[in-house]
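Hi,

Here is the structure I promised to pass on. Have a look at it first, and then read my notes below.

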Amino acid sequence: MEEMETSLPETTIMIQQSTNARSGKQGFTLVEVLVVISIIVVLAVVVFSVSVRVRNSARSAATLSNLREIGGAATLWMGENNNFYPPCWDNTKGRNRSYVQTLGAYLHDDPNFRGPESKFIAPNARLTVTVGRYSHPATYSMNPAVCRNITAGSDGTVPKLIHATQVERPSEVILMADGCQNPSNRGQSNVSAYRIIGAVGQTGPPSQFREPIPVGPDEDLPSGDGWFRYPYGRCHALMCDGSAQTFNKGSIQKRNVWIDIVR
């Protein structure tokens with residue numbers, strides 16, 4: 001009897017130790033928790049960066065598709081106008097319209113070219129573009145060396161448009177591209193990238209063809225108005241031959257905005 005009485009406490013102690021050991025194995029240490037959190041954070045960062053790249057790629061593809069359609073409209077207009085490039089702005093014969101109005105009529109699948117779904121508003125636009133009563137919103141800027149503003153002078157003369165034969169490198173010369181949006185102008189870009197031509201001119205010697213053009217402020221602010229824009233580090237452009245391509249920031253050269261002959 002005495003042996004049984006002395007052995008009972010020892011058994012109880014062993015059971016308690018075993019229970020404590022098992023309960024210790026079921027929990028997580030602080031280090032394990034931190035490792036799991038770190039893995040989750042890394043995975044979240046990877047998923048977010050991939051989703052951003054996929055979204056930007058989709059917007060880029062949609063932008064290039066828009067530009068090709070606009071290029072088709074420009075080709076139709078040129079076919080009806082003796083192969084001259086369309087004006088950036090037409091202020092002759094009582095008109096007061098931008099290239100959006102001139103080419104919008106040829107986009108038969110997009111009759112509401114003044115709406116937010118317009119082909120002239122880039123899917124990669126950073127600012128919201130609002131439509132006013134008389135506005136024709138656009139976030140692409142025309143190359144004024146190719147698409148001139150035409151306004152009748154006081155003597156009735158009208159500046160001549162650029163003929164297709166005056167652009168000898170149509171696959172290299174930009175017709176229009178992403179423009180810097182202006183928040184004070186309902187988020188629209190200036191229809192003409194006039195500051196680029198003001199900085200480098202309309203044409204120049206072949207020895208300077210490979211020189212880069214100024215990037216400009218590259219900001220969606222009034223100070224950026226008249227410059228090309230590089231959303232997500234790339235500028236989407238429609239070339240004079242109707243093709244569309246992207247340029248990395250700083251890679252647009254004078255040959256991409258210069259025409260070969262000025263008459």
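Let me start with a pair that caught my eye: Asp220 and Arg229 are both buried. Their side chains meet in a salt bridge, at 3.0 Å from N to O. Before you go further, please keep in mind that this is a predicted model.

Arg229 has another partner as well, since Asp218 forms a salt bridge with Arg229, and there the closest N and O atoms are 3.1 Å apart. Asp218 and Arg229 sit 11 residues apart, and each of them is in the loop between H4 and S8. Are these two buried or exposed? Asp218 has a relative accessible area of 11%, which is under the 20% cut-off, so Asp218 is buried. Arg229 comes in at 9% relative accessibility, so Arg229 counts as buried too.

**The other salt bridges**

How many salt bridges does the structure hold? The count is 7. One of them brings together the side chains of Glu211 and Lys254, at 2.7 Å from N to O. This pair links distant parts of the chain, with the two positions 43 residues apart in numbering terms. Glu211 lies in the loop between helix H4 (194-200) and strand S8 (234-239), while Lys254 is in the segment after strand S9 (244-248). The two ends of this bridge fall into separate classes of exposure: Glu211 is partly exposed, with a relative accessible area of 33%, whereas Lys254, at 12% relative accessibility, counts as buried. The reason is the cut-off, because buried means under 20% and partly exposed means between 20% and 50%.

There is also a network to look at: Arg169, Glu172, Arg255 and Asp260 are joined into one by salt bridges that share partners.

**The chain as a whole**

If you want to find your way around, the chain has 4 helices and 9 strands. Starting at the N terminus, the order of the elements is α-α-β-β-α-β-β-β-β-β-α-β-β. The chain has 263 residues, and 40% of them count as buried.

**A nonpolar patch on the surface**

Which residues form the nonpolar patch on the surface? They are Phe28, Leu30, Val33, Leu34, Ile37, Val41 and Val45, and together they have about 710 Å² of accessible area. One of them, Val41, has its place in helix H2 (residues 30-80). Val41 has a relative accessible area of 46%, so Val41 is partly exposed. That value also lets Val41 into the patch, because patch residues need over 30% relative accessible area.

**Two pockets**

The largest pocket holds about 220 Å³ of space. It is lined by 13 residues, and those closest to its centre are Trp89, Ser98, His136, Gln188 and Val191. Sorted by class, the lining of the largest pocket has 9 polar, 3 nonpolar and 1 charged residues.

The second largest pocket has a volume of about 150 Å³. Its lining is made up of Trp77, Asn81, Phe84, Pro87, Asp90, Arg97, Thr102, Ile150 and Leu161. By class, the lining of the second largest pocket divides into 5 nonpolar, 2 polar and 2 charged residues.

That's my list, so over to you.

Best wishes

Conventions: Residues numbered from 1 in each chain as written. Predicted model: local features only at pLDDT ≥ 70, side-chain atom pairs only at ≥ 80, totals over all residues. Heavy atoms only, no water. Patch = residues over 30% accessible without salt bridge, like charges linked within 9 Å, V, L, I, M, F, W, Y side chains within 5 Å. Areas by Shrake-Rupley, 256 points an atom, 1.4 Å probe, with all protein chains shown as cover. Salt bridge = Lys/Arg side-chain N within 4 Å of Asp/Glu carboxyl O. Buried < 20%, exposed > 50% of the residue type's maximum accessible area, 1.4 Å probe, protein only. 1 Å grid on protein atoms, 1.4 Å probe; cavity = no way out; pocket = protein on both sides within 12 Å on 5 of 7 lines; lining within 4 Å. Points joined across faces, edges and corners; volume = space filled by probe spheres on them. Nonpolar A, V, L, I, M, F, W, Y, C, P; charged D, E, K, R; others polar.
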